[in-house]
Amino acid sequence: MTALEWTTLLVCGTALVLRVPDAVRGRNRTVFGILLLATVCSVLAVTAVYTVIDGALGGRHVTSLILRFLVFATVLLVGLRLARGLGDARAYALIAGAPGRWALALCSVAVLAAFLLMDTTGAPAGLQVPSTDSNATVAPYFTAAGRTYPAYISLVLVPPLLSAVRGRQPRLVRGGALLVLLGALFAILTFPVSLVPAGGLHFVNYAAVLGYVGGLVLFWFSGLIAAPSGNAKATLRRNRG
């Protein structure tokens, strides 16, 4: 698990640093914001860092609650960016419209309610394991609630990502779409896996993050190649021709 934590942080941090020059020039700052949030989430997910930060905040695992809301913000930006970039109006409406707003609101309320129902005093880092009998019932629902909104966004993105993978775009674009698709599928799996004791949740979580971030990096590389060559197809937007 420690290796997964640091590997994910390294990948997110490296992708963020690579995007700094473009962000300074004002190019696609949304993706930079996504990578910044993903890096912050990765930092908070490292057990050693989590313990220090949460201790400074009172040791009641408020950090775990903050982390989940940061993940919600990250996946919202990812969903909007990819739906717009893939040119899928239906997916964009499901994320930015009333269904998406209701999903975000309900998932946020569920996370907060589950957190308030738990006794977080003395619980392990991340609240992944119940520390008392009173937490045994609520803790899995807290974890599942935190996975519901990312799973919703990922489910919405699956159809346009499949179309992009099967399309006639350059290989980097199709490769990026495939990586994001794999990340989306893992993100969808996090919901049922979170309800199963010892169900490999950590692996599925980090696989989802790595898929999304790796795909965004490939999309960026395809844009770099397209800019000097003038190849308009080597972009995130689907080729409708």
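## The α3–α4 loop and His61

His61 is located in the loop that separates α3 from α4. In this predicted model, the backbone of His61 adopts a positive phi of about 65 degrees, although the residue is not a glycine. His61 counts as buried because its relative accessibility is 5%, under the 20% limit for that class.

Helix α4, which follows this loop, spans residues 62–85. Its 24 residues reach 35 Å from the first C-alpha to the last, close to the 34 Å expected at 1.5 Å a residue. A positive phi also occurs just after α4, where Gly87 has a value of about 70 degrees.

## Asp54 and its surroundings

Asp54 belongs to helix α3, which comprises residues 47–56. Setting aside residues up to four places away in sequence, Asp54 touches Gly59, Arg60, His61, Val62 and Thr63. The buried His61 is thus one of the contacts of Asp54.

Asp54 is itself buried, yet it has no salt bridge. The nearest side chain of opposite charge is that of Arg60, at 7.9 Å. Because a salt bridge requires a side-chain nitrogen within 4 Å of a carboxyl oxygen, this separation does not qualify. The side chain of Asp54 does make a polar contact with the side chain of Thr63, at 2.9 Å.

## The salt bridge

Side chains of opposite charge can pair when their charged atoms come close. How many salt bridges does a search of the whole structure find? The search finds one. It joins Arg25 to Asp22, with the closest N and O atoms 3.4 Å apart.

The two partners fall into opposite accessibility classes. Arg25 counts as exposed because its relative accessibility is 54%, whereas Asp22 counts as buried because its value is 7%.

## Thr8 in helix α1

Thr8 is part of helix α1, which covers residues 2–24. With a relative accessibility of 2%, Thr8 counts as buried. A polar atom of the Thr8 side chain lies 2.8 Å from the backbone oxygen of Leu4.

Not counting residues up to four places away in sequence, Thr8 touches Ser42, Tyr206, Val209 and Leu210. The C-alpha atoms of Thr8 and Val43 are 9.1 Å apart in space, while the two residues are 35 residues apart in sequence.

## The two faces of helix α6

Helix α6 consists of 20 residues, from 98 to 117. At 1.5 Å a residue it should span 28 Å, and the 28 Å between its end C-alpha atoms therefore agrees with expectation.

Which residues of α6 are buried? They are Gly100, Ala103, Cys107, Ser108, Val111, Ala114 and Phe115. These residues cover an arc of only 135 degrees around the axis, so they lie on the same side of α6. The face turned away from that buried side carries the exposed residues Arg101, Trp102, Leu106, Val109, Leu116 and Leu117.

## Overall architecture

The chain contains nine helices and zero strands; from the N terminus on, its elements run α-α-α-α-α-α-α-α-α. Of its 241 residues, 44% are buried.

Contacts between residues at least 6 apart in sequence provide a view of the chain as a whole. Among these contacts, 69% join residues at least 24 apart.

Methods. Residues numbered from 1 in each chain as written. Predicted model: local features only at pLDDT ≥ 70, side-chain atom pairs only at ≥ 80, totals over all residues. Heavy atoms only, no water. Helix = DSSP H or I, 4+ residues; strand = E, 2+ residues; numbered from the N terminus. Buried < 20%, exposed > 50% of the residue type's maximum accessible area, 1.4 Å probe, protein only. Lys, Arg positive; Asp, Glu negative; His and termini not counted. Polar contact = N/O pair within 3.5 Å; in protein donor to acceptor, adjacent residues only side chain to side chain. Contact = heavy atoms within 4.5 Å. Expected span 1.5 Å × (residues − 1). Arc of directions from axis to C-beta.
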